[in-house]
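Biologist: I have the sequence and the fold open. Let's go through the charged pairs and the surface, one question at a time.

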Amino acid sequence: MSEKKMTSSRRHHLKSLVLGIAKGIMAKEVAQVKVDKEKYLSENCPPLSMPGSIQELQELCKKLHQQIDSADEERYDLESKVGKASKEIEDLKIKVVDLQGKFKKPALKKVRLSADQMLQALLGSKHKVSLDLRSNLKQVKKEVKEEAADVGDWRKNVEDKAGMDGRKKMFEGEA
């Protein structure tokens, strides 16, 4: 049973519909957050009335400081709860990975790349490097070893080297 492929125009149309719906949902969420914020502020933060005397102003400051302290305590408690929960989540994630077993490495495909393509992949397309190995080689001149100039009778040379005296002469002659 073969599935029919969706045409690009149909796919584009559906994508635009989904995006339109999502845009509407997001606008509603933003409006709801605004309403919730106003509601919270009206419940927890009554409108500020500025007192006329210094005594009333000091009492207001003390009251505000007490509210700030209670809000800080609540914030600290919530932060510690969140910290504990995130630590527990990390521990559970580690347990899940351990229970699943070791991660199996996927079999990698062999890819044939030329040296130029490999350098381009490693260095990026900015660097233009050509790898012509022959141009990078040094030119080496062949040196011909010259034989000893006094090539005499070979039989005499062999007789001199024969025996222990000849061996001693060989080593002394090299040094």
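Biologist: Is Asp91 buried, exposed or partly exposed?
Modeller: This is a predicted model, so the values are computed from it. Asp91 has a relative accessibility of 34%. Buried would need under 20%, and exposed over 50%. Asp91 therefore counts as partly exposed.

Biologist: Which residue forms a salt bridge with Asp91?
Modeller: The cut-off is a nitrogen of Lys or Arg within 4 Å of a carboxyl oxygen. Here the closest N and O atoms are 3.9 Å apart. The two residues sit four apart in helix H2, so about one helical turn separates them. The partner of Asp91 is Lys87.

Biologist: Is Lys87 buried or exposed?
Modeller: Its relative accessible area is 53%. The limit for exposed is over 50%. So Lys87 is exposed.

Biologist: Which residues are joined into one network by salt bridges that share partners?
Modeller: Asp72 pairs with Arg75 at 3.8 Å, N to O. Glu79 also meets Arg75 in a salt bridge, at 3.1 Å. Arg75 is the shared partner, and the network is Asp72, Arg75 and Glu79.

Biologist: Why can such side chains pair at all?
Modeller: Opposite charges can pair when the charged atoms come close. In helix H2, Asp72 and Arg75 are three residues apart, so about one helical turn lies between them. Glu79 and Arg75 are four residues apart in helix H2, and their separation is also about one helical turn. What the pairing needs is charged atoms that come close.

Biologist: How exposed is Glu79, by relative accessible area?
Modeller: Take its network partners too. Asp72 is partly exposed at 37%, and Arg75 is partly exposed at 43%. Glu79 is likewise partly exposed, with a value of 46%.

Biologist: How many salt bridges does the count come to?
Modeller: Asp72 with Arg75 is one of them. Glu79 with Arg75 is another, and Lys87 with Asp91 also qualifies. The count comes to three.

Biologist: Now the nonpolar surface. Where is Leu113 found?
Modeller: Helix H2 covers 54-100, and helix H3 covers 115-123. Leu113 lies in the loop between helix H2 and helix H3.

Biologist: What is the area of the nonpolar surface patch that includes Leu113?
Modeller: Patch residues need over 30% relative accessible area. Leu113 passes because its value is 41%, partly exposed. Val111, Met118, Leu122 and Leu123 make the patch together with Leu113. Its area is about 500 Å².

Conventions. Residues numbered from 1 in each chain as written. Predicted model: local features only at pLDDT ≥ 70, side-chain atom pairs only at ≥ 80, totals over all residues. Heavy atoms only, no water. Patch = residues over 30% accessible without salt bridge, like charges linked within 9 Å, V, L, I, M, F, W, Y side chains within 5 Å. Areas by Shrake-Rupley, 256 points an atom, 1.4 Å probe, with all protein chains shown as cover. Salt bridge = Lys/Arg side-chain N within 4 Å of Asp/Glu carboxyl O. Buried < 20%, exposed > 50% of the residue type's maximum accessible area, 1.4 Å probe, protein only.
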